Amino acid sequence: GDDIELYGLHISPDLDIIMYTLAGIVDEAKGWGIVGDTFHCLEMLGRLGFETWFKLGDRDLAIHIARTKMLRDGMGLSQATAKLCKMLGVEANLIPASDDPVRTKVQSGQLLLDFQEYFVKRGTMDTVTNVFFEGAEKAKPAPGVIEAIKEAERIIICPSNPILSIAPILSISAIRKALETSEAPIVGVSPIVGGRAIKGPADRIMASMGFEVSPYGVAKFYGNLLKHLVIDEVDLEHEKSIQKIGVRVTVTNTLMKSVGDAISLARVVMEAE
């Protein structure tokens, strides 16, 4: 949903951050890009009069150049992703939701924005009145996606923005249907803690689109997909209301301030039934 074409290059930010993290080269301080990267190419593009609001490092650009060549040579996005992962020594099976283009569009009143315009260029300053996913109605799951869902022992919905990060995947009808009919436990982690998003505009978007900004609102958004929701200790008051709509609840510390916190949360998620 947040893929973008800039300077003639196909950029897949979500795939890249996962790939860089698993390859051990992510810039953890920034939370994006490659550690130790430089920005000489971007600086020259700015000197030549191009917009440079989307920060692409020199090593990062090498990935985008390679991906774009693969796509132009006839590969699908899933094939190109698998090849890049292999080149970087990533053993995990990283698959995009679809090889077909699905683009997140953000509406703010009469203004219609591409996702990266809203999120990066304008810094999420606009009040979101609607979000839709251009191309989703025609998109098919990438090879391996449905098989992965069918074979999964557990499916985890991470504490990402439900509307901007997870909904683009769910907008592909065959993927949502596969999840709805899966026998595996689907466990989510609430991205809302104490009435606020830990990172990003999820709380503001949920509010402006009419969702309660709470773990209960998150559970309602996912509807019949969720079997279990992990919520933070400060949101204990929402436990019973979530249970009343048929979703099991585990209450724990969900703030990942350290690797130890992340490991503890992962254990809880893997044990939730």
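In what order do the 3 strands of the open sheet lie? The legends below, drawn from a predicted model, begin with this sheet.

**View 1. The open sheet with antiparallel pairing.** The order of the 3 strands is β4-β3-β5. At the edges are β4, residues 111-114, and β5, residues 130-134, and each of these edge strands pairs on one side only. From one strand to the next, the twist averages 25°.

**View 2. Strands β3 and β5.** Strand β3 covers residues 103-108 and runs antiparallel to β5. The two strands are joined by 5 bridges. One residue to look for is Lys105, whose bridge partner in β5 is Phe132.

**View 3. Helix α7 on the sheet strands β3 and β5.** Helix α7 is made of residues 162-170 and lies across both β3 and β5. The helix runs at about 30° to β5.

**View 4. Cys85 and its closest cysteine sulfur.** Which cysteine holds the sulfur closest to that of Cys85? It is Cys158, with its sulfur 16 Å from the sulfur of Cys85. A disulfide needs the two sulfur atoms within 2.5 Å, so at 16 Å the sulfurs of Cys85 and Cys158 are too far apart for a bond. The structure as a whole holds 0 disulfides.

**View 5. The surroundings of Cys85 and Cys41.** Is Cys85 buried or exposed? Cys85 is buried, because its relative accessible area is 3% and the cut-off for buried is under 20%. Cys41 has a relative accessible area of 36%. This value falls between the cut-offs of 20% and 50%, so Cys41 counts as partly exposed.

Note on methods. Residues numbered from 1 in each chain as written. Predicted model: local features only at pLDDT ≥ 70, side-chain atom pairs only at ≥ 80, totals over all residues. Heavy atoms only, no water. Buried < 20%, exposed > 50% of the residue type's maximum accessible area, 1.4 Å probe, protein only. Pairing = 2+ DSSP bridges. Helix = DSSP H or I, 4+ residues; strand = E, 2+ residues; numbered from the N terminus. Axes fitted to C-alpha atoms, helices over the stretch in contact; angles between N-to-C directions. Contact = heavy atoms within 4.5 Å.
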